[in-house]
Amino acid sequence: MKPNILVIAGHDPSGGAGIHADIEAIQALGGFASTLITGLTVQNSQNVRSFRLTDIDLLEQQAEALLDDYRFQAVKIGMTGSVTIIDFIARLLDRLPGVPVVLDPVLAAEAGGSLARESLADAMLDQLAPRSEIMTPNLPEAQILTGQTDLDDCGQALVSRSGQAALITGTHDDTDQVTNHLFTRAGTQQWQWERLPHSYHGSGCTLASAIACLRGHGESLANAVADGQAHVDRFLRNAFRPGQGQHVPDRR
Ligand code: PLP
């Protein structure tokens, strides 16, 4: 069966990140994406200029329409944009018991530009992280969320505060390899990937959606995390440059 993955995320008109990235990654991995679009951003492959969030009333109506009709095998959360939308998502997740949730705690675009107007850290950690089985921050996001600087301290803080797993990605380092660290209550695990030559738009969205889709297929969390990274590595190796800014992963 094609797993139906509920994606709750923002729209990036340049096609590299956000909802486009999610739908493409999920489709490439054999899933089907239903989408609740939290906001529309104004951006290109170079930076984010502004964004506007969706009315909560409209999101609620869309969620009701989907829940009346579909069953979901996994959920992926990306850009939330406000505490009000985070509260809405938390209420929605409570109506999907047992469905695995992957939380990409988006705060800013990789190329620069904030994607939230208020501090979302506490609402994300209190409302969304405990309802998700894994969160996938990059190190700068993990540092903002926890107030810690050291990688291990960030990982421990995320696990103890949420009770769930955290995959902290190392894309922002300047090392030859990208090292991603998985923190769980049982311990830590790490993967190393060759650092590819460009800067990529939407790699975080792609990774979180890949993990959600693989969970929707019934893979264990450990396998979904490992396989999801391998798929993203392949998409990044085939990346192309549609404009004058970042490269976009070819999610096929
Ligand atoms: N979600 C939206 C709507 C975005 O516009 C962006 C970045 O521009 C992101 C998420 C995060 O993108 P990335 O996967 O590059 O961190």
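1. Helix H3 (residues 83-93) packs against helix H4 (residues 121-128) at an angle of about 5°, and their axes lie 10 Å apart. Here helices (H or I, at least four residues) and strands (E, at least two) are DSSP runs, numbered from the N terminus. An axis is a line fitted to C-alpha atoms, for helices over the stretch in contact, and angles between N-to-C directions run from 0 to 180 degrees. The angle makes H3 roughly parallel to H4, given that angles under 35 degrees count as roughly parallel, over 145 as roughly antiparallel, 65 to 115 as roughly perpendicular and the rest as oblique. This is a predicted model, in which local features need pLDDT of at least 70 and side-chain atom pairs count only at pLDDT 80 or more, while totals for chains, interfaces and linings use all residues. Residues are numbered from 1 along each chain as its sequence is written, and side-chain values use heavy atoms, with hydrogens and water left out.

2. In the contact between these helices, H3 contributes Val83, Ile86, Asp87, Ile89, Ala90 and Leu93, and H4 contributes Ala123, Met124, Gln127 and Leu128. Contact means heavy atoms within 4.5 Å. By class, the contact of H3 with H4 has 8 nonpolar, 1 polar and 1 charged residues. In this scheme Ala, Val, Leu, Ile, Met, Phe, Trp, Tyr, Cys and Pro count as nonpolar, Asp, Glu, Lys and Arg as charged, and the others, Gly among them, as polar.

3. The largest nonpolar core holds 40 residues, and Leu6, Leu36, Val75, Ile77 and Leu128 touch the most other members. Such a core is a set of buried Ala, Val, Leu, Ile, Met, Phe, Trp, Tyr and Cys residues joined through side-chain atoms within 4.5 Å. Buried means under 20% relative accessible area, exposed over 50%, and partly exposed in between (1.4 Å probe, protein chains only). The largest share of this core, 7 residues, comes from H3. A second, separate core has 28 residues, including Ala74, Trp191, Ala210 and Val232.

4. Isoleucine 77 is in contact with Ile8, Ile89, Leu93, Val101, Val102, Leu103, Asp104 and Leu128, leaving aside its neighbours within four places in sequence. Among these partners, Ile89 and Leu93 in H3 and Leu128 in H4 also take part in the contact between those two helices.

5. Helices H7 (residues 203-216) and H8 (residues 221-237) have axes that come within 8 Å and cross at roughly 135°. That makes H7 oblique to H8. Their crossing is right-handed; a crossing is left-handed if the near helix is turned anticlockwise from the far one by less than a right angle, and right-handed if clockwise. From H7 the contact takes Ser203, Thr206, Leu207, Ala210, Ile211, Leu214 and Arg215, and from H8 it takes Leu221, Ala224, Val225, Asp227, Gly228, Gln229, His231, Val232, Phe235 and Leu236. These residues divide into 10 nonpolar, 5 polar and 2 charged.

6. H7 also meets helix H1 (residues 18-28), where the axes come within 8 Å and cross at roughly 40°. H1 and H7 are therefore oblique to each other, and their crossing is right-handed. Gly18, Ala21, Asp22, Ala25 and Ile26 of H1 make the contact with Cys205, Thr206, Ser209 and Cys213 of H7. The class division is 5 nonpolar, 3 polar and 1 charged.

7. Valine 42 is in strand E2 (residues 32-43). With 40% relative accessibility, valine 42 counts as partly exposed. Apart from residues up to four places away in sequence, valine 42 touches Asn47, Val48, Arg49, Ser50 and Phe51. Histidine 11 is 31 residues from valine 42 along the chain, and their C-alpha atoms are separated by 8.8 Å.

8. Arginine 185 sits in the loop between strand E8 (177-184) and strand E9 (187-194), and is exposed, with a relative accessible area of 68%. Not counting residues up to four places away in sequence, arginine 185 touches Val159, Gly163 and Gln164. The C-alpha atoms of arginine 185 and glutamine 156 are separated by 8.6 Å, with their positions 29 residues apart along the chain.

9. Glutamine 156 belongs to helix H6 (residues 151-162) and counts as partly exposed at 43% relative accessibility. Serine 160 lies in H6 as well, and is exposed, with a relative accessible area of 61%. Measuring C-alpha to C-alpha, threonine 184 is 8.3 Å from glutamine 156 and 9.1 Å from serine 160.
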